[in-house]
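Work through the two exercises below with the structure at hand, and write down each step before reading its solution.

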Amino acid sequence: MMKAMVLEAVKTRLHETSLPRPECGEGQILVQVCACAVCRTDLQVADGEVPNPKLPLILGHEVVGKVVEIGKNAERFKPGTRVGIPWLGWTCGVCRYCKSGRENLCEKAKFNGYTLNGGYAEYMATDERFCFSIPDSYSDAHAAPLLCAGLIGYRSLVKAGDAESVGIYGFGAAAHIVCQIAKHQGRKIFAFTRPGDDKAQKFALSLGAVWAGDSKTQPPEHLDAAIIFASSGELVPQALRAIVPGGTVVCGGIHMSDIPSFPYDILWRERTICSVANLTRQDGEEFMKLASSFPIQTVVQTYPLSKANEAMSDLQNGKVQGAAVLAMS
Ligand SMILES: [Zn+2]
Ligand SMILES: [Zn+2]
């Protein structure tokens, strides 16, 4: 048996329950979960903004754990190996997206903690092909946020191209990792937070941002690109006004409120708006290589598994600096 925090219906709290350990199917590994970070998407799945989750559901898609059993034909990892499990849990492998290096767009894709059970539990069975090795230099809790905040942040930064100056709207878990990568790459980060959130602005500056201010204000200079991690659609025209001609606004979230109408003038001169959806395994391999080449200092606030509801409400209420992580041991 194992303990798990289960979502029975949307708009309710998770409840703690005892379940049989999941079966380790063909091509799968059974992982003893050591840490699982809490992502904003978990909140959006629980409250129905990201629709149609499998129910009942075990949330969690930033999982670090130890392989304890391997299924038939699973050969990538030996028992005892530490692995990371991200959002992308399965793809069809034969559609036009899968065959062109864009498995993140696979229409049949399945996602951990959404359409598959995730890591808010003591054990998780998962397809070994979608797991990553984790650099040894990170503890379980510090590695967990790399699996979504880090990965989606990295994909968003790649979409920003070779921008030298990058604005980041919403300074949570993804931003605090992207800020360090961008600095390491010699870029300048401008951090935008909720108006009046001095704590988040100080946090951004402490991680190497060259400027931090309110999302309603304009930066001191025009930026080459902007990444929006916050879920407020109003930020899109704000960000378009902040970037140079030819610049890009990257929307990094899975859910965003409606974008208000805006004058064509702020898009004209070849500015681009794009979104980031999910991740590919190649993103994961590239990102883990990057994470092993220099130390990303993830800032984590840990909670026991049984306090998953508290971790989620702290994240919802802006009480988490960096990332909230469920630590199982
Ligand atoms: Zn996530
Ligand atoms: Zn596919």
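**Metal sites in a predicted model**

H61 counts as buried, because its relative accessibility is 1% and the cut-off for buried is under 20%. The model is a predicted one.

**Exercise 1.** Identify the protein donors of the zinc ion (ligand 1), and determine where H61 and C148 lie along the chain.

*Solution.* Begin with the coordinating atoms: the zinc ion (ligand 1) is coordinated by C39 through SG, H61 through NE2 and C148 through SG, at 2.1 to 2.2 Å. Next, read their order along the chain, where the donors follow the spacing C-x21-H-x86-C. Then place the pair: H61 is in the loop between strand 4 (57–58) and strand 5 (63–70), while C148 is in the loop between helix 2 (140–143) and helix 3 (149–159), so that the pair links distant parts of the chain, 87 residues apart. Finally, consider accessibility, for C148 is buried too, with a relative accessible area of 8%.

**Exercise 2.** Work out the geometry of the site of the zinc ion (ligand 2) from the angles among its four donor atoms.

*Solution.* First list the protein donors, which are the SG atoms of C92, C95, C98 and C106, lying 2.3 to 2.4 Å from the zinc ion (ligand 2). The angles among these four donor atoms are 105 to 118°; because four donors count as tetrahedral if all angles lie between 85 and 135 degrees, the site is tetrahedral. In sequence, the donor residues are spaced C-x2-C-x2-C-x7-C. Both C92 and C106 lie in the loop between strand 7 (88–90) and strand 8 (110–111), so the pair ties together parts that are 14 residues apart in sequence. As a last step, C106 counts as buried, at 6% relative accessibility.

Technical notes. Residues numbered from 1 in each chain as written. Chains lettered and ligands numbered in written order. Predicted model: local features only at pLDDT ≥ 70, side-chain atom pairs only at ≥ 80, totals over all residues. Heavy atoms only, no water. Donors = N, O, S within 2.8 Å, 3.2 Å for Na, K, Ca; no water. Tetrahedral: all angles 85-135°; square planar, octahedral: opposite > 155°, others 65-115°. Helix = DSSP H or I, 4+ residues; strand = E, 2+ residues; numbered from the N terminus. Buried < 20%, exposed > 50% of the residue type's maximum accessible area, 1.4 Å probe, protein only.
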